[in-house]
There are 2 protein chains.
Amino acid sequence: MRRTRSASATIEGVAARAGVSRQTVSNVLNAPERVSPHTAERVRRAIAELHYRPHWAARRLRTRTSRTIGFRIQPSGPPVLGSLIDRFLHALTSQAWNAGYRLLLFTQASGDDERATYDELSATGTVDGFVIYDLRIGDRRPPWLAQRSIPFACFGRPLGSSTAARYAWVDVDGALGIAQAVDYAVSRGHRRIAYLGWHPGTCCGDDREQGWHRAMRRHRLDTAGLHSESADELAAGTDAARRLLAGDDPPTAFVCASDTLAVGARLASQVGVQVVGFDDSPVVSLLQPPMSSVRQPLEDVARAIVRLLLEQLDGNTTAEGVLLPPQLIVRDGQQPAGQQKIEKSTGS
Amino acid sequence: MRRTRSASATIEGVAARAGVSRQTVSNVLNAPERVSPHTAERVRRAIAELHYRPHWAARRLRTRTSRTIGFRIQPSGPPVLGSLIDRFLHALTSQAWNAGYRLLLFTQASGDDERATYDELSATGTVDGFVIYDLRIGDRRPPWLAQRSIPFACFGRPLGSSTAARYAWVDVDGALGIAQAVDYAVSRGHRRIAYLGWHPGTCCGDDREQGWHRAMRRHRLDTAGLHSESADELAAGTDAARRLLAGDDPPTAFVCASDTLAVGARLASQVGVQVVGFDDSPVVSLLQPPMSSVRQPLEDVARAIVRLLLEQLDGNTTAEGVLLPPQLIVRDGQQPAGQQKIEKSTGS
DNA sequence: TTGAAAGCGCTAACAC
DNA sequence: GTGTTAGCGCTTTCAA
């Protein structure tokens with residue numbers, strides 16, 4: 001006869017079967033070094049025979065930890081090419097699990113104060129801390145959480161806050177990524193390299209634009225008439241590219257703040273015009289001919305975020321910022337010296 | 001001075017402040033009808049003043065319910081256009097939350113038995129049940145879970161199982177969706193309407209192909225030489241479309257089992273050839289010119305799934321199957337009579 | 001190295 | 001309508 005859910009074994013049952021006290025069973029699971037190998041073996045056998053698993057809630061109540069990380073997903077707004085956050089979510093779930101933590105998902109309750117749910121989950125002890133992302137300039141969540149001593153770690157630098165340095169964050173060096181893209185375009189012989197970015201004030205947009213400016217300066221290239229700001233939309237990318245291409249001395253390459261803008265630019269470009277995107281969205285590798293794009297190291301970001309968060313939960317208040325380098329995934333044309341081709345291009 | 005996390009109020013503190021017993025406070029929260037309005041008001045004030053929140057784990061232990069639903073996300077395999085599951089995840093999170101449940105995410109631990117994690121989460125009482133998706137033919141999870149009386153609900157019909165009728169599932173009527181697409185193509189004057197599908201045996205592929213066959217028969221249209229089976233890849237769509245277009249009496253419209261195939265088909269098609277996709281991926285609305293696609297009602301799916309799961313948790317063992325109608329989102333050309341245009345097409 | 005006692009915070013069952 | 005008692009399953013503290 002099968003064990004049923006309603007009658008699952010408790011630590012008491014295991015202790016009885018192994019002929020030891022509850023304590024010893026607990027020690028086998030939580031502090032094996034305190035138990036003699038012989039006893040431990042007997043206990044482990046009893047555990048296996050009874051298919052015993054410690055009750056999650058009982059453990060949580062006793063230790064007063066939830067071993068759970070909260071993560072809020074936003075409704076996926078305007079259509080963009082493959083959401084970076086969805087891919088990040090996979091990495092985060094996996095990293096949290098590896099660290100013995102669970103990931104709890106939630107959404108903003110409609111009409112709710114943005115922070116009510118953070119408060120709820122934290123005050124009830126449902127989660128030990130949060131991972132937050134999509135930080136806007138002057139985002140009020142970091143100071144709000146910090147003031148309440150609620151542990152959190154950010155994907156992205158908290159900008160526009162005087163206390164930003166005190167938060168734990170992990171970000172990808174957008175300036176470096178864009179600079180890599182410019183370097184690559186230069187190595188392919190381009191000199192008129194335009195940048196399609198977002199309106200100033202968008203989260204990581206300023207950072208990426210900086211990368212373009214600096215890289216162009218380093219190569220002693222002129223930037224006049226090669227710059228556009230728009231919303232993060234495909235049509236905006238197309239419009240911007242058309243406008244720039246119509247000028248005197250038009251660009252022969254576009255380096256873009258997003259894949260969405262990049263695909264838009266491609267629609268306005270003839271063969272021979274190089275376009276480099278940002279984020280390495282799945283759809284990008286499907287394009288014909290293939291397009292290069294800057295990839296964010298999402299696994300590394302997730303690993304670092306979990307580490308920073310757990311350090312706080314362990315009481316090590318290391319308010320640290322981690323900046324990770326992205327990687328240009330080259331899909332068009334020959335490799336520049338020193339670059340490694342990471343992915344085969346898809347296609348017929 | 002601020003309340004700190006470590007010293008949060010308990011039900012005892014609230015009871016003391018309100019001058020009632022712990023039980024009364026509990027009743028105010030869980031069974032308000034048992035408490036006199038006057039007492040309830042006093043208790044509520046005390047709750048507010050102390051910023052009291054019932055401790056999640058204590059509740060879970062006492063009631064022996066986790067109020068949590070488990071959901072496994074797979075690593076996002078080969079690049080496809082915008083993952084349907086990511087959008088479903090938003091809807092599911094929101095619906096679960098509205099029902100008072102939390103959504104717990106997990107991934108398959110590498111090298112693990114596929115079912116070990118389901119077992120772990122269930123046996124420890126970390127979750128009350130699961131939502132599973134991406135059911136393959138003869139998927140062993142449904143019978144495995146059912147045998148252990150672990151509640152679950154499927155997104156998609158469990159196929160290839162003799163006991164499928166006994167499971168709770170919610171699916172979208174793919175045959176109907178494809179039929180809508182065919183009807184629309186016919187209304188636009190097309191007679192040679194091809195179908196690009198997947199290899200037989202793929203989960204919902206057979207269903208969708210059925211829809212094409214039936215709709216074509218209903219319109220008394222010939223299907224010979226208008227059918228292709230391939231992997232769900234962009235290049236495969238392009239190849240298939242090219243092959244069919246090269247035949248005698250080539251198609252003037254393509255109805256596809258996925259947006260990925262549809263976009264592939266577009267790349268092989270000239271202006272005037274109509275292509276209809278499936279899933280209404282975000283990227284589809286970005287195409288120029290816009291493309292129509294069959295949209296799955298993910299909010300409704302999520303709502304029904306949560307309902308079916310909670311019914312099981314409440315002890316109502318309704319092994320029910322729910323089939324929901326999809327909706328053709330028309331983006332190209334004029335509306336056929338009786339069709340409503342749902343979304344503005346994006347573009348310049 | 002092992003065991004006994006205590007209690008985490010809450011709610012079901014019952015008495016008043 | 002409200003209070004008292006008991007105990008969910010576990011781990012921390014302290015004694016043996």
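1. Copies of a chain are superposed here by least squares on the C-alpha atoms of residues with pLDDT of at least 70 in both. The model is a predicted one. Chain A falls on chain B after a rotation of 180 degrees with 0.0 Å of shift along the axis, at an RMSD of 0.1 Å. This is therefore the relation of a two-fold axis. Both copies use the same surface, since 100% of the contact residues of chain A recur in chain B.

2. On the fold of the single chain: chain A holds twelve helices and twelve strands. Of its 348 residues, 49% are buried. Among contacts in chain A with a separation of 6 or more, 64% join residues 24 or more positions apart.

3. Next, DNA strand D. This strand is surrounded by 25 residues, and the closest are A:Ile11, A:His55 and A:Ala58 from chain A with B:Ser21 and B:Gln23 from chain B. Helix H2 (22–30) and helix H4 (56–63) of chain A, and helix H2 (22–30) and helix H4 (56–63) of chain B, are the elements that give two or more residues to this surface. By residue class, the surface near DNA strand D consists of eight nonpolar, eleven polar and six charged residues.

4. DNA strand C can be described in the same terms. Around DNA strand C there are 24 residues, of which A:Ser21, A:Thr39, B:Ile11, B:His55 and B:Ala58 come nearest. At least two residues of the surface near DNA strand C come from each of H2 and H4 of chain A and H2 and H4 of chain B. The residues near DNA strand C comprise eight nonpolar, eleven polar and five charged.

5. One residue of chain A merits its own entry. A:Thr68 lies in strand E1 of chain A, which covers residues 68–72. Is A:Thr68 buried or exposed? A residue counts as buried if 20 or more other C-beta atoms lie within 10 Å of its own. A:Thr68 has 24 other C-beta atoms within 10 Å, so A:Thr68 is buried.

6. Which residues is A:Thr68 in contact with, leaving aside its neighbours within four places in sequence? They are A:Tyr101, A:Arg102 and A:Leu104, together with A:Thr126, A:Val127 and A:Asp128. For a pair further along the chain, A:Thr68 and A:Leu298 are 230 residues apart in sequence, and their C-alpha atoms are separated by 20 Å.

Conventions
Residues numbered from 1 in each chain as written. Chains lettered and ligands numbered in written order. Predicted model: local features only at pLDDT ≥ 70, side-chain atom pairs only at ≥ 80, totals over all residues. Contact = placed C-beta atoms within 7 Å. Near = placed C-beta within 6 Å. Helix = DSSP H or I, 4+ residues; strand = E, 2+ residues; numbered from the N terminus. Nonpolar A, V, L, I, M, F, W, Y, C, P; charged D, E, K, R; others polar. Buried ≥ 20, exposed ≤ 12 C-beta atoms within 10 Å, placed from the backbone.
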